[in-house]
Amino acid sequence: MSNDLNDHALVDLPEARRYVYRNENDASRDDILTDAINDASDSIWDYCEREFKDSTVPDRSGADGVGNGTTTFVAASGAFTSTDVAKRIRINGAYYTIASLTNGTTVVLDRVLATGTALAWDFGELRLIRVTDTGYVDFRPYDLNELSSATMYADRADLDDTVLVVGSYQLERRPGGTYYDMRVPAPDFAPAYEGFGTMISVRGWWGMTTIPGAVQLACKQWVKNIAENPGSYASSSMAGYDVAPDTDTFVVNPAGMPAAVRYRLDRWARGDQPIR
């Protein structure tokens, strides 16, 4: 067994030790807790169809940014070009828009950047997502935290790419502070494709900034149930209460998820079917 928590882990080992054993320094059963945290966390992500942590894998980034208290941003590894003008960039956890290009290592931002060195920066991650013939984009199982750009017809050689401007799309913040769907203009399909949809490329930053407390508590409850009832994810008790063992019926009742955990997660689960 390994004591390594995976990228989906919703709680850390000290939190789990404190909740389950009332002693965050007792590492004697970390193998059990690690497996339980990983399994419960993965199941929660799957059940809710949400991204509870920053899941962005930047395709262009660095850690050599420099700010001098003005709108100037310098990064030796930036390799900035004119095509970066008007793009959004994340610097030290905050989002800026590039107003102009000075040279390959220097750009001017839309607002002042505080003085600092060794600043982390990136341009987010591009993901291709289906858009329906009515212009509905369902991000599930992704959560869009901040949008950089959206381009329609990016996967279609027979149509010109169309970069959407502010006002031509709709986004609405959902529980957790992210967006999980989007309205765009109805696609202009060629007759052979009509009704089948196409793909929209969405560049941005994905996942929640902060794990919701209720989701962390649900994870700890499930971990405690697993730790106290080894060998069974479909226990008949949890935290001193008798519950009916769950059965595996599609997504509504995933096998082994205690009823109290599912109840706590329901506010955070997508649950509804995509609007077509």
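**Strands, cores and ring contacts in the predicted model**

Of the 276 residues in the protein, 44% are buried. The model described here is a predicted one, and its secondary structure comprises four helices and 15 strands. Sequence-distant contacts are well represented: among contacts between residues at least 6 apart in sequence, 70% join residues at least 24 apart. The accessible surface comes to about 13700 Å², and carbon and sulfur atoms account for 52% of that area.

A good place to begin is strand S1, which spans residues 61–67. Strand S1 pairs with strand S6 (residues 116–122) in the antiparallel sense, over four bridges, and here glycine 62 has tryptophan 121 of S6 as its bridge partner. Strand S1 is also joined to strand S2 (residues 72–75), again antiparallel, by three bridges; in this pairing glycine 65 is matched with alanine 75. Four residues lie between the strands in the hairpin of S1 and S2, where glycine 69 adopts a positive phi near 85 degrees.

Glycine 67, also found in S1, deserves a closer look. With a relative accessible area of 4%, glycine 67 falls under the 20% cut-off and is therefore buried. Leaving aside residues up to four places away in sequence, glycine 67 touches Thr72, Leu113, Ala114, Thr115, Gly116 and Leu119. For one of these neighbours, alanine 114, the C-alpha to C-alpha distance from glycine 67 is 5.9 Å, although the two residues are 47 apart in sequence.

Aromatic residues come next. A search of the whole structure finds eight aromatic pairs. In one of them, the ring centres of tryptophan 121 and phenylalanine 123 are 6.0 Å apart and the planes meet at 85 degrees, so the pair is edge-to-face. Tryptophan 121 and phenylalanine 123 are both buried, and ring pairs link them with Phe73 and Phe80 into a cluster. Tryptophan 121 thus appears both in this cluster and as the bridge partner of glycine 62. Elsewhere, two arginines sit over tyrosine rings: arginine 22 lies over the face of tyrosine 19, 5.9 Å from the ring centre, and the charged end of arginine 29 is placed 3.6 Å from the centre of the tyrosine 21 ring.

Strand S7 (residues 125–131) shows a clear alternation of its side chains. Glu125, Arg127, Ile129 and Val131 point to one face and are buried, whereas Leu126, Leu128 and Arg130 point to the other face and are not buried. Strand S7 runs antiparallel to strand S13 (residues 198–206), and seven bridges join the two. Within this pairing, arginine 130 stands opposite methionine 199.

Turning to the interior, nonpolar side chains in soluble globular proteins tend to be buried together. In this model the largest nonpolar core has 29 residues, and those with the most contacts inside it are Leu10, Ile44, Cys48, Phe52, Val215, Val223 and Leu265. Helices H1 (13–21), H2 (30–48), H3 (213–228) and H4 (259–265) each supply at least two residues of this core, and H2 gives the most, with eight residues. Apart from this core lies another, of 17 residues, including Val131, Val137, Tyr179 and Val202. Val131 is also one of the buried residues of strand S7. Cysteine 48, of the largest core, touches Leu265, Trp268, Ala269 and Arg270, again without counting residues up to four places away in sequence.

How values were computed:
Residues are numbered from 1 along each chain as its sequence is written. This is a predicted model: local features need pLDDT of at least 70, side-chain atom pairs count only at pLDDT 80 or more; totals for chains, interfaces and linings use all residues. Side-chain values use heavy atoms; hydrogens and water are left out. Buried means under 20% relative accessible area, exposed over 50%, partly exposed in between (1.4 Å probe, protein chains only). Two strands pair if DSSP finds at least two bridges between them. Contact means heavy atoms within 4.5 Å. A nonpolar core is a set of buried Ala, Val, Leu, Ile, Met, Phe, Trp, Tyr and Cys residues joined through side-chain atoms within 4.5 Å. Accessible areas come from the Shrake-Rupley method with a 1.4 Å probe; for residues, only the protein chains shown count as cover. Rings of Phe, Tyr and Trp (its six-membered ring) pair if their centres lie within 6.5 Å; planes under 30 degrees apart count as stacked, over 60 as edge-to-face and the rest as tilted. A charge sits over a ring if NZ of Lys or CZ of Arg is within 6 Å of the ring centre and within 35 degrees of the ring normal.
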